[in-house]
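Here is a short report on one protein chain. Keep the sequence and the 3D view open while reading.

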Amino acid sequence: MEEALLWLRWLEVDDAKLVWARANGERWKSICWKIGLTRSSAHLHWRYALAVIVLRLSKQNIPSNRSRQ
């Protein structure tokens with residue numbers, strides 16, 4: 001778990017908060033209310049953040065032109 005917490009530093013602050021909230025089992029509705037995003041936008045940010053973590057763990061560079069979609 002401690003190692004996984006270090007992965008959050010690779011993310012933008014809002015994305016890290018989003019990933020942490022989902023890891024804690026928080027519902028999308030309360031996350032969206034706190035962050036100020038729609039459900040679909042929050043889900044895109046969450047998926048993008050997980051993709052960034054996967055790329056970093058596999059020691060690949062994150063493309064600068066990569067979109068959140």
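The sections below go from overall fold to helix packing, the salt bridge, the surface patch and two contacts of the last helix.

## Overall fold

This is a predicted model. The protein has four helices and zero strands. Along the sequence the pattern reads α-α-α-α.

The chain holds 69 residues, and 26% of them count as buried.

## Packing of α2 and α3

Helix α2 covers residues 13–23, and helix α3 covers residues 28–35. Their axes lie 10 Å apart. The packing angle is about 160°. Angles over 145 degrees count as roughly antiparallel, so α2 and α3 are roughly antiparallel to each other.

The crossing has a hand as well. For α2 and α3 it is right-handed.

## The salt bridge

How many salt bridges does a search of the whole structure find? The search finds one. Glu 26 pairs with Lys 34. Their closest N and O atoms are 2.9 Å apart. The cut-off for such a pair is 4 Å.

Lys 34 falls within the residue range of helix α3, 28–35. Is Lys 34 buried or exposed? Its relative accessible area is 58%, so Lys 34 is exposed. The threshold for exposed is over 50%.

## A nonpolar surface patch

Three residues make up a nonpolar patch on the surface: Met 1, Leu 5 and Trp 20. Together they have about 350 Å² of accessible area.

Leu 5 sits in helix α1, residues 2–7. Trp 20 falls within the range of helix α2, residues 13–23. Leu 5 has 34% relative accessibility, so it counts as partly exposed. Partly exposed is the class between under 20% and over 50%.

## Helix α4 and its long-range contacts

Helix α4 spans residues 39–57 and contains Tyr 48. Is Tyr 48 buried or exposed? With a relative accessible area of 16%, Tyr 48 is buried. The limit for buried is under 20%. Along the chain, Tyr 48 and Asp 15 are 33 residues apart. In space, their C-alpha atoms are separated by 8.6 Å. Asp 15 falls within the range of helix α2, residues 13–23.

Arg 56 also lies in helix α4. At 37% relative accessibility, Arg 56 counts as partly exposed. Which residue is paired with Arg 56 across 49 residues of chain? That residue is Trp 7, with a C-alpha separation of 8.6 Å. Trp 7 falls within the range of helix α1, residues 2–7.

How values were computed
Residues numbered from 1 in each chain as written. Predicted model: local features only at pLDDT ≥ 70, side-chain atom pairs only at ≥ 80, totals over all residues. Heavy atoms only, no water. Patch = residues over 30% accessible without salt bridge, like charges linked within 9 Å, V, L, I, M, F, W, Y side chains within 5 Å. Areas by Shrake-Rupley, 256 points an atom, 1.4 Å probe, with all protein chains shown as cover. Salt bridge = Lys/Arg side-chain N within 4 Å of Asp/Glu carboxyl O. Helix = DSSP H or I, 4+ residues; strand = E, 2+ residues; numbered from the N terminus. Buried < 20%, exposed > 50% of the residue type's maximum accessible area, 1.4 Å probe, protein only. Axes fitted to C-alpha atoms, helices over the stretch in contact; angles between N-to-C directions. Parallel < 35°, antiparallel > 145°, perpendicular 65-115°, else oblique. Left-handed = near helix turned anticlockwise from the far one by under 90°.
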